[in-house]
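Work through the exercises below with the sequence and the model open. Try each task before reading its solution.

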Amino acid sequence: MAPPTHFKLNTGALIPAVGLGTWKSEPGEVAQAVSFALKSGYRHIDAALIYGNEHEVGQGIRDSGVPRSEIFITSKLWNTDHPNVKEGLQKTLDALGTDYLDLYLIHWPVRLVPNETSALLPTNPDGTRSVDRSWSMSSTWAQMEEIYRSGKAKAIGVANWSIPYLEELSKTWTVVPAVNQVELHPFLPQHELRAYCEGLGILLEAYSPLGSTGAPIMEDAEIQGIAEKKGVSPATVLISYHVNKGVVVLPKSVSEKRIKSNLEVVELWEQELEVLDGLAAKGKAKRINTPLWGWDLGFSNWYGPA
């Protein structure tokens, strides 16, 4: 059976199974990448204010000639905008050149307090990030529910949220998040989080599905073995892994060749999925994106998540 091309959100809307990620896509190249992706068949673009390139993403959407109504656009509320969700959303809408998003996510369950050091990545005098440890995520989510009801975001969700954060938020939410976007790949399979979110009807999205510099996922012998057996690339195996397991996948590239090849999804057999699911337990577990604030809120030497 062919892998699905779309998944259904808890809102009833369909979301394309493969989207183009735009994290670390530099201004000057991301517009062309987005335009090429849409012309090549993509209908899902994943963006964020902190990436610093939403104006170019919007330009790429316009350059593609694909009608806005055919494109699923996601963006994310940055940490300094938790008290002002409407303002944060409007900055993104203005940059992208659209009047609504298909999905808007809280980028991290952390509020940063802007100060004279930075509007987006503020620091304290001792060099640590300016984190508001007293901020309640339920206050942010209540505002997210308002923009959902307004229609400016057709669906709302979270990114980089673990089970304890979701459990706490569930005490006050009236709208269940549609999505939780997290780092996800065979070296970080997040089995417990996956099961928890599935139980609530929250769809997982996988960023960094192919790893990154210094992450040897595509060089793994077992992944390469599956790729050889299938007659595809290791990247296709890793992208297909998620789609076959009911997860949206967001590979990032500005290379036209890789953008096009990343759309290929093949069926994986149950035993192949079991091999991929078990790699981390064999001692290969590795997190690629490790902001310290997720654990001690220290946040040192980190730029931003996908």
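**Exercise 1: Charges over rings**

The charged end of Lys-24 sits over the ring of Trp-23, 4.7 Å from the ring centre. This is a predicted model.

Task: Over the face of which residue does Lys-154 lie, and at what distance from the ring centre?

Solution. Lys-154 lies over the face of Tyr-100. The distance to the ring centre is 5.1 Å.

**Exercise 2: An aromatic pair**

Task: Classify the pair formed by the rings of Trp-23 and Tyr-207.

Solution. Start with the search. Across the whole structure, two aromatic pairs are found. For Trp-23 and Tyr-207, the ring centres are 6.4 Å apart and the planes stand at 80°. Planes over 60 degrees apart count as edge-to-face, so this pair is edge-to-face.

Next, place the partners. Trp-23 is in the loop between strand S3 (20-21) and helix H1 (30-39). Tyr-207 belongs to strand S9. They are 184 residues apart, so the pair links distant parts of the chain.

Last, check burial. The cut-off for buried is under 20% relative accessible area. Trp-23, at 14%, counts as buried. Tyr-207 is buried too, at 2%.

**Exercise 3: The two sides of H6**

Task: Which residues of helix H6 (residues 191-200) are buried, and which are exposed on the other side?

Solution. First, list the buried residues: Leu-193, Arg-194 and Cys-197. They cover an arc of only 100° around the axis, so they lie on the same side of H6. The spacing fits a general rule. An α-helix has 3.6 residues a turn, so residues three or four places apart point the same way.

Second, turn to the other side of H6. Glu-192, Glu-198 and Gly-199 are exposed there.

Third, find the packing partners. The buried residues of H6 pack against helix H5 (163-169), strand S8 (179-183), strand S9 (203-207) and helix H8 (234-244).

Finally, look past the end of the helix. Gly-201 follows H6, and its phi is positive, near 75°.

**Exercise 4: Positive phi outside glycine**

Task: Where do Asn-160 and Ser-208 lie, and are they buried or exposed?

Solution. Recall the background. Most residues other than glycine have a negative phi.

Take Asn-160. Its phi is positive, about 65°, although it is not a glycine. Asn-160 sits in the loop between strand S7 (156-159) and H5. With a relative accessible area of 12%, Asn-160 is buried.

Now take Ser-208. Its phi is also a positive value, near 50°. Ser-208 is in the loop between S9 and helix H7 (221-230). At 11% relative accessibility, Ser-208 counts as buried.

**Exercise 5: H8 and its surroundings**

Task: How are the axes of H8 and helix H10 (residues 270-277) arranged, and which residues make the contact?

Solution. Two packed helices are described by the angle between their axes and the distance between the axes. The axes of H8 and H10 come within 11 Å and cross at roughly 105°. That makes H8 roughly perpendicular to H10. On H8, the contact is made by Val-237, Tyr-241 and Asn-244. On H10, it is made by Leu-273, Leu-276 and Asp-277.

Task: What is Ala-235 in contact with, leaving aside neighbours within four places in sequence?

Solution. Ala-235 is in helix H8. Its relative accessible area is 13%, so Ala-235 is buried. The contacts of Ala-235 are Leu-210, Met-218 and Asn-262. Arg-149 lies 38 Å from Ala-235, C-alpha to C-alpha, and 86 residues apart in sequence.

Terms used
Residues are numbered from 1 along each chain as its sequence is written. This is a predicted model: local features need pLDDT of at least 70, side-chain atom pairs count only at pLDDT 80 or more; totals for chains, interfaces and linings use all residues. Side-chain values use heavy atoms; hydrogens and water are left out. Buried means under 20% relative accessible area, exposed over 50%, partly exposed in between (1.4 Å probe, protein chains only). Helices (H or I, at least four residues) and strands (E, at least two) are DSSP runs, numbered from the N terminus. The arc is that of the directions from the helix axis to the C-beta atoms. Contact means heavy atoms within 4.5 Å. Rings of Phe, Tyr and Trp (its six-membered ring) pair if their centres lie within 6.5 Å; planes under 30 degrees apart count as stacked, over 60 as edge-to-face and the rest as tilted. A charge sits over a ring if NZ of Lys or CZ of Arg is within 6 Å of the ring centre and within 35 degrees of the ring normal. Axes are lines fitted to C-alpha atoms, for helices over the stretch in contact, and angles run from 0 to 180 degrees between N-to-C directions. Angles under 35 degrees count as roughly parallel, over 145 as roughly antiparallel, 65 to 115 as roughly perpendicular and the rest as oblique.
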